[in-house]
Amino acid sequence: MINSLKAFWKQLLSYTKTNWDLDDYPLRYKTQNSIAESELKPWVVQIVNWWTMTGLGGSKVEAYQMLKTNLDNYRKYNQLPRPGTMVPLQFV
């Protein structure tokens with residue numbers, strides 16, 4: 001429910017501008033539990049409704065920076081979807 005509200009709000013706000021950056025997208029942070037002996041990063045940040053756009057890190061800031069890098073790389077070759085909209089999984 002919260003993710004849906006975030007997505008709806010960010011989508012409404014997206015109509016006020018034409019160029020979007022990461023702060024214009026609804027984000028979901030979470031921690032991965034039970035990774036004590038694992039090489040997995042404990043923090044995950046995802047763009048709501050675009051679940052494949054993800055960042056991982058040892059901290060929230062590190063995960064955010066990875067997501068920002070991933071979004072910038074995507075932007076180089078693709079048009080960004082409107083914030084808050086559902087982005088289907090694509091196989092290239």
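**Reading aromatic pairs, helix H2 and the nonpolar core**

User: Does one class tyrosine 25 as buried or exposed, and on what relative accessibility does that rest?

Analyst: Tyrosine 25 has a relative accessibility of 3%, so this residue counts as buried. Please note that the model is predicted. Tryptophan 50 also counts as buried, because its relative accessibility is 4%.

User: How should a pair of aromatic rings be described, and how many aromatic pairs does the count give here?

Analyst: Two quantities describe such a pair: the distance of the centres and the angle of the planes. In this structure the count comes to two aromatic pairs. In one of them, the ring centres of tyrosine 25 and tryptophan 50 are 6.1 Å apart and the planes stand at 50 degrees, so the pair is tilted. Tyrosine 25 belongs to the loop between helix H1 (2-14) and strand S1 (27-31), while tryptophan 50 belongs to strand S3 (residues 50-57); the pair therefore ties together parts that are 25 residues apart in sequence.

User: What geometry does the pair of tryptophan 50 and tyrosine 74 have?

Analyst: Tryptophan 50 and tyrosine 74 are edge-to-face, with 5.0 Å from centre to centre and 75 degrees between the planes. This pair links distant parts of the chain, since tryptophan 50 is in strand S3 and tyrosine 74 in helix H2 (residues 60-77), 24 residues apart. Tyrosine 74 counts as partly exposed, because its relative accessibility is 22%. Through the ring pairs, Tyr25, Trp50 and Tyr74 are linked into a cluster.

User: Which charged ends sit over the rings of tyrosine 29 and tyrosine 15?

Analyst: Over the ring of tyrosine 29 sits the charged end of lysine 60, 5.0 Å from the ring centre. Over the ring of tyrosine 15 sits the charged end of arginine 82, at 4.0 Å from the centre.

User: How does one read the sides of a helix, and which residues of H2 are buried?

Analyst: An α-helix has 3.6 residues a turn, so residues three or four places apart point the same way. H2 has 18 residues and spans 27 Å from its first C-alpha to its last, close to the expected 26 Å. Its buried residues are Ala63, Tyr64, Leu67 and Leu71. Because these residues cover an arc of only 100 degrees around the axis, they lie on the same side of H2. Val61, Lys76 and Tyr77 are exposed on the other side of H2. The partners against which the buried residues of H2 pack are S1, strand S2 (43-47) and S3.

User: What is the general idea behind a nonpolar core, and which residues touch the most other members here?

Analyst: In soluble globular proteins, nonpolar side chains tend to be buried together. The largest nonpolar core in this model has 14 residues, and those touching the most other members are Leu22, Tyr25, Leu27, Ile47, Trp50, Leu67 and Leu71. At least two residues of this core come from each of S2, S3 and H2. H2 gives the most, with four residues.

User: With which residues are leucine 67 and leucine 22 in contact, leaving aside neighbours within four places in sequence?

Analyst: Leucine 67, in helix H2, is buried because its relative accessible area is 0%. With those neighbours left aside, leucine 67 is in contact with Leu22, Leu27, Val45, Ile47, Met53, Thr54 and Gly55. The C-alpha atoms of leucine 67 and valine 44 are separated by 9.2 Å, although these residues are 23 apart along the chain. On the same basis, leucine 22 is in contact with Leu27, Ile47, Tyr64, Leu67, Lys68 and Leu71.

Conventions: Residues are numbered from 1 along each chain as its sequence is written. This is a predicted model: local features need pLDDT of at least 70, side-chain atom pairs count only at pLDDT 80 or more; totals for chains, interfaces and linings use all residues. Side-chain values use heavy atoms; hydrogens and water are left out. Rings of Phe, Tyr and Trp (its six-membered ring) pair if their centres lie within 6.5 Å; planes under 30 degrees apart count as stacked, over 60 as edge-to-face and the rest as tilted. Buried means under 20% relative accessible area, exposed over 50%, partly exposed in between (1.4 Å probe, protein chains only). A charge sits over a ring if NZ of Lys or CZ of Arg is within 6 Å of the ring centre and within 35 degrees of the ring normal. The expected span of a helix is 1.5 Å times one less than its number of residues. The arc is that of the directions from the helix axis to the C-beta atoms. Contact means heavy atoms within 4.5 Å. A nonpolar core is a set of buried Ala, Val, Leu, Ile, Met, Phe, Trp, Tyr and Cys residues joined through side-chain atoms within 4.5 Å.
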